Amino acid sequence: MAEPLKIDESDTNLSAKDNKETNVASTSKEADEEDKKLVSFQCSHCFLFEKCRFGDLSFDKSGYTESVFYLRDPFVPPDFHKKDYAVQDFVVLGSLCYLCGQPVCIDEECSLFYVHTYCISCVSRERDRFPGKLIQGISSKLK
Ligand SMILES: [Zn+2]
Ligand SMILES: [Zn+2]
């Protein structure tokens, strides 16, 4: 069976995080290392800014076929035995526009997800290439 979840970080990092509670002395150092794995995400449209992770959530049910900016759901402690990760275990902040490569958040004001993620500027420019129904729903947002 294929691994259900692929993220650009090793399991060692995950277990290091798990030890944090029992090893208070090293908390700040580990927090630093956590920080190094984070990337800065800024939506090119609404300028939402967040430190988060960037990687592949390409497990079957997520619907995401590309690398996304995401956070682990802060309200759910990581469970390393869990095999059936689903997209609701993560908070996806945004992705890179398939056409222009700019980071955009998943807010419907900023992007459209149709097979790939497209920023609203590209959707607006290339609206003829998207299904009419899809564009109708968001036409008020297009310039
Ligand atoms: Zn945005
Ligand atoms: Zn774009």
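**Exercise 1. Contacts along the chain**

Work out what share of the protein's contacts with a separation of 6 or more comes from residues 24 or more positions apart.

*Solution.* Start with the term: two residues are in contact if their C-beta atoms, placed from the backbone, lie within 7 Å. Now take the contacts with a separation of 6 or more; residues 24 or more positions apart account for 40% of them.

Before going on, a word on what you're looking at. This is a predicted model, where local features need pLDDT of at least 70, side-chain atom pairs count only at pLDDT 80 or more, and totals for chains, interfaces and linings use all residues. Residues are numbered from 1 along each chain as its sequence is written, while chains are lettered from A and ligands numbered from 1 in the order in which they are written.

**Exercise 2. Where to trust the model**

Find where confidence is lowest and where it is highest in the protein.

*Solution.* Step one is the overall level: pLDDT, the predictor's confidence in each residue from 0 to 100, has a mean of 77 here, and 61% of the residues reach 70 or more. Step two goes element by element, with helices (H or I, at least four residues) and strands (E, at least two) taken as DSSP runs numbered from the N terminus. The low end is helix 1 (residues 11-18), with a mean of 47, and the high end is strand 5 (residues 103-105), at 97. Step three: over residues 10-24 pLDDT stays under 50, and the model has seven contacts beyond four places in sequence for that stretch.

**Exercise 3. Laying out the sheet**

Read off the order of elements, then say how the five strands of the open sheet are arranged.

*Solution.* The protein has four helices and seven strands, and from the N terminus on they run α-α-β-β-β-β-β-β-β-α-α. Five strands form an open sheet in the order 1-2-3-4-5, with antiparallel pairing. Its edges are strand 1 (39-42) and strand 5, each of which pairs on one side only. Neighbouring strands are turned by 50° against each other on average, direction ignored; the axes are lines fitted to C-alpha atoms (for helices over the stretch in contact), and angles run from 0 to 180 degrees between N-to-C directions.

Next, count bridges, remembering that two strands pair if DSSP finds at least two bridges between them:

- Strand 2 (residues 49-56) and strand 3 share four bridges, and Phe-54 has Phe-69 in strand 3 as its bridge partner.
- Strand 3 (residues 67-72) and strand 4 share five bridges, with Val-68 partnered by Ser-95 in strand 4.
- Strand 4 and strand 5 share three bridges, and Leu-96 stands opposite Pro-103 in strand 5.

To finish, look at the hairpin of strand 4 and strand 5: there are six residues between the strands, and Gly-101 takes a positive phi near 80°.

**Exercise 4. Thr-117 and Glu-126**

Is Thr-117 buried or exposed, and is Glu-126 buried or exposed?

*Solution.* The rule first: a residue is buried if 20 or more other C-beta atoms (placed from the backbone) lie within 10 Å of its own, exposed if 12 or fewer, and partly exposed in between. Thr-117 sits in strand 7 (residues 116-119) and counts as buried because it has 26 C-beta neighbours inside 10 Å. Beyond four places in sequence, its contacts include Glu-66, Ser-95, Leu-96 and Val-104. Thr-117 is also the bridge partner of Phe-113, where four bridges join strand 6 (residues 111-114) to strand 7 in antiparallel fashion. That hairpin has one residue between its strands, and Val-115 in the turn has a positive phi of about 65°.

Glu-126, in the loop between helix 3 (120-125) and helix 4 (132-138), has 12 other C-beta atoms within 10 Å, so it is exposed.

**Exercise 5. The core**

Which residues of the largest nonpolar core touch the most other members?

*Solution.* A nonpolar core is a set of buried Ala, Val, Leu, Ile, Met, Phe, Trp, Tyr and Cys residues joined through C-beta atoms within 7 Å. The largest one has 22 residues, and Phe-69, Tyr-70, Leu-93 and Cys-119 touch the most other members. Strand 2, strand 3, strand 4, strand 5, strand 7 and helix 3 each supply at least two residues of this core, and the largest share, four residues, comes from strand 4. Strand 4 (residues 90-96) is itself mostly covered, with six of its seven residues buried. In the protein as a whole, buried residues make up 21% of the 143 residues. As for Cys-119, the residues it touches beyond four places in sequence include Cys-97, Cys-100 and Cys-110.
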